[in-house]
Amino acid sequence: MAAETIGRRHGMEMMVRDQTRPDLPLPTVKVLVPGLRPVAARFGPGRLYDAPVAQGRLVTATRYEDVNPIPLPL
């Protein structure tokens, strides 16, 4: 399934900008998805808590204290 289709299904918009330079034979794009969360470990409200409930995997959202009781240093 295409990433754009998955994004639309979840109410997200994908913006693609062509950044190919005419002097280099390397097609380049920048893709932005407003509202998409970064990969970095940020435990604020959002996908970490809401996604399992939205997918039907959990009945209620996991509490912050229960996400990782023993954090590992990075």
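Arg 21 pairs up with Asp 23 in a salt bridge, with 2.7 Å between the closest N and O atoms. This comes from a predicted model. Neither partner is tucked away: Arg 21 is partly exposed at 46% relative accessibility, while Asp 23, at 52%, counts as exposed because the cut-off for that class is over 50%. The count of salt bridges comes to two. The other pairing brings together the side chains of Arg 63 and Asp 66, at 3.1 Å from N to O, and here Asp 66 is partly exposed, with a relative accessible area of 42%.

As for the overall layout, the protein chain has three helices and two strands, and reading along the sequence gives the pattern α-β-β-α-α. Of the 74 residues in the chain, just 5% are buried.

On the surface, Met 14, Val 16, Val 29 and Val 31 make a nonpolar patch of about 330 Å². Val 16 sits in strand β1, which covers residues 15-18. With a relative accessible area of 55%, Val 16 is exposed, so it clears the cut-off of over 30% that patch residues have to meet.

Then there is the largest pocket, which holds about 300 Å³ of space. Its lining is made up of His 10, Met 12, Gly 35, Leu 36, Arg 37, Gly 46, Arg 47, Asp 50, Ala 51, Ala 54 and Gln 55. Sorted by class, that lining is a mixed bag of four nonpolar, four polar and three charged residues.

Conventions:
Residues are numbered from 1 along each chain as its sequence is written. This is a predicted model: local features need pLDDT of at least 70, side-chain atom pairs count only at pLDDT 80 or more; totals for chains, interfaces and linings use all residues. Side-chain values use heavy atoms; hydrogens and water are left out. On a 1 Å grid over the protein atoms alone, a cavity is a set of points where a 1.4 Å probe fits but cannot get out, and a pocket is an open set with protein on both sides within 12 Å along at least five of seven lines; lining residues have an atom within 4 Å of a point. Grid points are joined across faces, edges and corners, and a volume is the space filled by probe spheres set on the points. Ala, Val, Leu, Ile, Met, Phe, Trp, Tyr, Cys and Pro count as nonpolar, Asp, Glu, Lys and Arg as charged, and the others, Gly among them, as polar. Patches are made of residues with over 30% relative accessible area and no salt bridge: like charges are joined within 9 Å, nonpolar side chains (Val, Leu, Ile, Met, Phe, Trp, Tyr) within 5 Å. Accessible areas come from the Shrake-Rupley method with a 1.4 Å probe; for residues, only the protein chains shown count as cover. A salt bridge is a side-chain nitrogen of Lys or Arg within 4 Å of a carboxyl oxygen of Asp or Glu. Helices (H or I, at least four residues) and strands (E, at least two) are DSSP runs, numbered from the N terminus. Buried means under 20% relative accessible area, exposed over 50%, partly exposed in between (1.4 Å probe, protein chains only).
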